[in-house]
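The exercises below concern one protein chain. Work through each task before reading its solution.

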Amino acid sequence: MVEDLRDFEISKERRIHSPAISFKEHVKYLRNISLVYVNIPFCKSKCHFCCFSMPFGSDLLLIKKLKNSYIKALKKELAIKSLYFTTKHTVALKAINFGGGTPTLLTVEELHEILSLILKFFNQKIGKIKDISIEATPDSLSPAKLKGLMSIGFNRISIGAQTFNQQILARLNRRHSVKQFYTSYDWIRSAGFKNVNIDLLYGIPFQSFIDFKKDLETAVSLNPEHISPSPLLPPKRFLFSIERENMEKNIERNIRWARFSHKFIEENGYNNYFHKYFSKKGKESVTELIYFFNIPYIGVGAGAASWVGVNPSNIKSYIADSYSDTLFDKDTFDNPLIGIRRLILFPEGICIPYFNKRYNCNIEKLLKTPRLALDFCKNLEGIRKKEQVKETEEQNIKILEEWKKKGIIEKRANYIRIAPKKRFSKEAWELYTYSI
Ligand code: SF4
């Protein structure tokens, strides 16, 4: 089935998702394990907007105490998972990503040890992996650390600026200052990194449009290869409660700002290749593309998700038992509803012939009668219980029915996409604010 997909003739007009993983490559690697994600759930303190629960990670002494046993547990999980998956699947890594948390709180030697084990256990050659990426906070970097990261193989770094306004930064309880960001950015470039992402936040309490515009101008003036502006999450998942009510009212404002940021960043030479991500040509995040194409990936560490399940997020439980016995989750991989909700976030939409082959169903019929999806999903043997599957499917079906009713999606040539005039509508906003 997958092999047949190679025969599709792709016209110029039907631009296929991204040059970082071309359509052909995507099809070729569709069932190969393509990414290893390593979660380092330690931070020096908790930012007010952070949605991750790291009850043990925000205390420096505790980090010191837990770090060694956490790394030991990670190595154990890597050993077991690699053994399990390399016997069942082809592994052809396109990306390795260290996220968190703040992975740059580990020493270069510790990171090197983990990275080398991934390459060894999965039998991969470093030169064949497009992105070896690490997330960083400005205050966790130094020239020596950055040079060290480069020398052990990292070729991409994602740094959280969030905003270039010092007062707003302080309100977010970030540890770094704006000045520290600029210094770290210079160090990153001096160390030789040629693929840098800058994370920005908007819709922050007390942030004005002028503040946000300045943030965008500063970000593009630094000329990073990738920019990810994210709205502050809506209240129900928002842990910082002070301006909950205001935030609810501010959704429309955030949508206006999102529209502005898309236009502004694109006019400054970036391509909005997917969802809220902008990049220079060929610098798309391979990790994000793997997640959203639903290509198999393995996550290790507390709270890390794989395409086969999620690890326990409590650090102490993870250290005690770092390998949760998960099975191949066909439910996620082959579920057309999840496919639609992810792939619709490509600006060009979902390629119909590709989708029908990949999920072995007819997307147009499915969108006409979303309840048909229950038939497609009923044979999926995932790790989730039947009732859970049904509950999630009911939610997905509701979303599709809503989209249909409100004309959010449309067919254009061989694509199903979000109608351009609805892209920044309130109805479509949920798609842009929640990761799927
Ligand atoms: S640095 Fe990142 S992961 Fe850590 S608390 Fe702040 S937002 Fe959360």
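Helices and strands here are DSSP runs, a helix having at least four residues and a strand at least two, and both are numbered from the N terminus. The model is predicted.

**Exercise 1. State how many helices and strands the chain has, and what share of its residues is buried.**

Solution. Step one: the count gives 18 helices and 14 strands. Step two: a residue is buried if 20 or more other C-beta atoms lie within 10 Å of its own. By that cut-off, 41% of the 436 residues count as buried. Step three concerns contacts in the chain with a separation of 6 or more: residues 24 or more positions apart account for 73% of these.

**Exercise 2. Locate the largest nonpolar core with respect to the domains.**

Solution. Start with the membership. The core holds 100 residues, and Val-36 and Ile-290 touch the most other members. Helix 2 (residues 60-88) supplies the largest share, seven residues. Next, compare the domains: domain 1 (1-18 + 328-436) and domain 2 (31-293) both contribute residues, so the core lies between them. Finally, look at Ile-290 itself. Apart from neighbours within four places in sequence, Ile-290 is in contact with Ser-34, Leu-35, Lys-94, Ala-95, Ile-295 and Tyr-297.

**Exercise 3. Describe how helix 13 packs against helix 14.**

Solution. Two quantities describe a pair of packed helices: the angle between the axes and the distance between them. For helix 13 (residues 336-343) and helix 14 (residues 352-359), the axes come within 10 Å and cross at roughly 150 degrees. Angles over 145 degrees count as roughly antiparallel, and helix 13 is therefore roughly antiparallel to helix 14. The crossing of these two helices is right-handed. On the helix 13 side the contact is made by Pro-336, Gly-339 and Leu-343, and on the helix 14 side by Phe-355, Arg-358 and Tyr-359.

**Exercise 4. Give the angle, axis distance and handedness for helix 4 and helix 6.**

Solution. The angle between helix 4 (residues 143-152) and helix 6 (residues 178-191) is about 35 degrees, and their axes are 9 Å apart. The crossing of helix 4 and helix 6 is right-handed. Helix 4 makes the contact through Pro-143, Leu-146, Lys-147 and Met-150, while helix 6 uses Trp-187, Ile-188, Ser-190 and Ala-191.

**Exercise 5. Find where Asn-223 and Ala-413, with their positive phi, and the cis peptide bond from Gly-100 to Gly-101 are placed.**

Solution. The background is that most residues other than glycine have a negative phi, and most peptide bonds are trans.

- Asn-223 has phi near 60 degrees. Asn-223 lies in the loop between helix 7 (209-221) and strand 6 (226-231). Asn-223 counts as exposed because 12 C-beta neighbours lie inside 10 Å.
- Ala-413 has phi of about 50 degrees and belongs to the loop between strand 13 and strand 14. With 12 other C-beta atoms within 10 Å, Ala-413 is exposed.
- The bond from Gly-100 to Gly-101 has omega near 15 degrees. Gly-101 is in the loop between strand 2 (91-100) and helix 3 (108-121).

**Exercise 6. Is Asn-414 exposed, partly exposed or buried?**

Solution. First, place the residue: Asn-414 lies in the loop between strand 13 (409-412) and strand 14 (415-418). Then use the count: 17 other C-beta atoms lie within 10 Å, so Asn-414 is partly exposed. Asn-414 is also 7.3 Å from Pro-353, C-alpha to C-alpha, with their positions 61 residues apart in sequence given as the separation.

Definitions and conventions:
Residues are numbered from 1 along each chain as its sequence is written. This is a predicted model: local features need pLDDT of at least 70, side-chain atom pairs count only at pLDDT 80 or more; totals for chains, interfaces and linings use all residues. A nonpolar core is a set of buried Ala, Val, Leu, Ile, Met, Phe, Trp, Tyr and Cys residues joined through C-beta atoms within 7 Å. Domain bounds come from an automatic or database domain assignment. Two residues are in contact if their C-beta atoms, placed from the backbone, lie within 7 Å. Axes are lines fitted to C-alpha atoms, for helices over the stretch in contact, and angles run from 0 to 180 degrees between N-to-C directions. Angles under 35 degrees count as roughly parallel, over 145 as roughly antiparallel, 65 to 115 as roughly perpendicular and the rest as oblique. A crossing is left-handed if the near helix is turned anticlockwise from the far one by less than a right angle, and right-handed if clockwise.
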